[in-house]
Amino acid sequence: MRYGVVVCPKCRNPKVVLLSFKTSKCARCNKILDIEKLKIIYKTDSESEVRNVIGLINADNDGNYDDFKKMMSEQKF
Ligand SMILES: [Zn+2]
């Protein structure tokens, strides 16, 4: 798995990270995110898939990521 989706704990902005990296900077609030300590809500090797996930989160951004994760596990792109 190369790509992960995390949510910034400060501003709730969903973000794609490379899982080989330890940190990533939030584009919205500039917070340095410690990837190893964040919950990875989605993992994939496909860049297009991870972009779809970000789009879906932005389209339905009610903050309920557990439901989102369940939905994703039942859905095929
Ligand atoms: Zn942020």
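**An open sheet and a nonpolar core**

In this predicted model, three strands come together as an open sheet, arranged in the order β2-β1-β5 with antiparallel pairing. At the edges of the sheet lie β2, covering residues 14–18, and β5, covering residues 42–44; each of these edge strands pairs on one side only. Going from one strand to the next, the twist averages 25 degrees. As a reminder for readers new to sheets, strands pair through backbone hydrogen bonds, and the pairing can be either parallel or antiparallel.

The pairing of β1 with β2 can be followed in some detail. Strand β1 spans residues 3–7, and 5 bridges join it to β2, with the two strands running antiparallel. A good place to look is Val5, which stands opposite Val16 of β2.

It helps to place this sheet within the whole chain, which holds 2 helices and 5 strands. Read from the N terminus, the elements follow the order β-β-β-β-β-α-α. Of the 77 residues in the chain, 18% are buried. Contacts across the sequence were also examined: among those between residues at least 6 apart, 46% join residues at least 24 apart.

Where do nonpolar residues gather in the largest core? This core has 8 residues in all, namely Val5, Val6, Val7, Val17, Leu33, Tyr42, Val53 and Ile57. Two elements, β1 and α1 (47–59), give two or more residues to the core. The most come from β1, which gives 3 residues. In soluble globular proteins, nonpolar side chains tend to be buried together.

One member of the core, Val6, shows how many parts of the sequence can meet around a single residue. Leaving aside residues up to four places away in sequence, Val6 touches Lys15, Val17, Leu33, Ile35, Leu38, Ile40 and Ile41. Two of these partners, Val17 and Leu33, also belong to the largest nonpolar core.

Attention can now turn to a loop residue. Ala27 sits in the loop that links β3 (23–25) and β4 (32–34). Is Ala27 buried or exposed? Ala27 has 10 C-beta neighbours inside 10 Å, and a residue with 12 or fewer is classed as exposed, so Ala27 counts as exposed. The position of Ala27 can also be described relative to Cys8: the two residues are 19 residues apart in sequence, and their C-alpha atoms are 9.6 Å apart in space.

Terms used: Residues numbered from 1 in each chain as written. Predicted model: local features only at pLDDT ≥ 70, side-chain atom pairs only at ≥ 80, totals over all residues. Pairing = 2+ DSSP bridges. Helix = DSSP H or I, 4+ residues; strand = E, 2+ residues; numbered from the N terminus. Axes fitted to C-alpha atoms, helices over the stretch in contact; angles between N-to-C directions. Buried ≥ 20, exposed ≤ 12 C-beta atoms within 10 Å, placed from the backbone. Contact = placed C-beta atoms within 7 Å. Core = buried A, V, L, I, M, F, W, Y, C linked by C-beta atoms within 7 Å.
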